[in-house]
Amino acid sequence: MKILKGITVLLFMATCSLSAQEISNHALGLRLGDSDGFGAEISYQKSLTRDTRVEFDLGWRDSRNFNAFKIAGLYQWVRPIEGDFQWYYGVGGGLGNVDFPGDDGGLFVFAAGDIGIEYNFDIPLILSLDFRPELGVVGYDGFSDNFDFDIGLGIRYQF
């Protein structure tokens, strides 16, 4: 029993030592991505604790096959790598509307995951690269139950 308590204390201490460096209270910028077409999102991040934050994105996608806008919200955990590099992962979802030439398109709801890496400069600037898989939950038949890869490059001003 004492060994189990000792292992539990060691794991707790190791977890505490893995907490991320302090993240900025607010960050605002752009997330440029490619998911079957180029798109841009206005991105806002708000810290909740020392190593968690929420991210909200409002953007559009444009390609030869469709035009779409979407709103996404994500809860993220931020972990240090080394120096000013951090990695993060999160879950969330959102909704959007898609328009196809010759088709009505429609509204859709999606669930999303998120994993990425970011560099925090000495000036109030963050660069990030992330991968956001999205799964259609309900709505427009062409998106519903489809799996979509969304890769984005973010640049944000911290304040």
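# A tour of an eight-stranded barrel

Read from the N terminus, the protein chain runs α-β-β-β-β-β-β-β-β, that is, one helix and eight strands. Helices (H or I, at least four residues) and strands (E, at least two) are DSSP runs, numbered from the N terminus. The model is predicted, so local features need pLDDT of at least 70 and side-chain atom pairs count only at pLDDT 80 or more, while totals for chains, interfaces and linings use all residues. Residues are numbered from 1 along each chain as its sequence is written, and side-chain values use heavy atoms, with hydrogens and water left out.

**Whole chain.** Show the surface first. The accessible surface comes to about 9200 Å² (Shrake-Rupley method, 1.4 Å probe), and carbon and sulfur atoms account for 68% of that surface. Of the 159 residues, 40% are buried; buried means under 20% relative accessible area, exposed over 50%, and partly exposed in between (1.4 Å probe, protein chains only). Contact means heavy atoms within 4.5 Å. Among contacts between residues at least 6 apart in sequence, 51% join residues at least 24 apart.

**The barrel.** Switch to a cartoon view. The eight strands form a closed barrel in the order 1-2-3-4-5-6-7-8, with antiparallel pairing. On average, neighbouring strands of this sheet are turned by 25° against each other, direction ignored; axes here are lines fitted to C-alpha atoms, for helices over the stretch in contact, and angles run from 0 to 180 degrees between N-to-C directions. Two strands pair if DSSP finds at least two bridges between them.

**Strands 1, 2, 3 and 8.** Select residues 26–34, which are strand 1, together with residues 38–47, which are strand 2: nine bridges join them in the antiparallel sense. Add strand 8 (residues 147–158), which pairs with strand 1 over eight antiparallel bridges. Now pick Gly29. Its bridge partner in strand 2 is Ser43, and its partner in strand 8 is Arg156. Next, strand 3 (residues 52–62) runs antiparallel to strand 2, with ten bridges between them. One of the bridge partners here is Phe56 of strand 3, opposite Tyr44.

**Asn25.** Go to the loop between helix 1 (2–17) and strand 1, where Asn25 sits. Asn25 is partly exposed, because its relative accessible area is 37%. The Asn25 side chain makes a polar contact of 3.3 Å with the His26 side chain. A polar contact is a pair of N or O atoms within 3.5 Å; within protein, one must be able to donate a hydrogen and the other to accept it, and residues adjacent in sequence count only if both atoms are side-chain atoms. Leaving aside neighbours within four places in sequence, Asn25 touches Gln45, Lys46, Ser47 and Phe159. Measure to Arg50 as well: Asn25 and Arg50 are 25 residues apart in sequence and 9.4 Å apart, C-alpha to C-alpha.

**Ser128.** Select Ser128 in strand 7 (residues 125–139). Ser128 counts as buried because its relative accessibility is 3%. The Ser128 and Arg156 side chains are joined by a polar contact of 3.0 Å. Beyond four places in sequence, the contacts of Ser128 include Tyr88, Ile117, Glu118 and Leu153.

**The nonpolar core.** Finish with Phe66, Ala68, Ala72, Leu74, Val98, Phe108, Phe110 and Ala112, the eight residues of the largest nonpolar core. Such a core is a set of buried Ala, Val, Leu, Ile, Met, Phe, Trp, Tyr and Cys residues joined through side-chain atoms within 4.5 Å. Strand 4 (67–82) and strand 6 (103–120) each supply at least two residues of this core. Centre on Ala68 to see its contacts with Gly59, Trp60, Arg61, Asn97 and Val98, not counting residues up to four places away in sequence.
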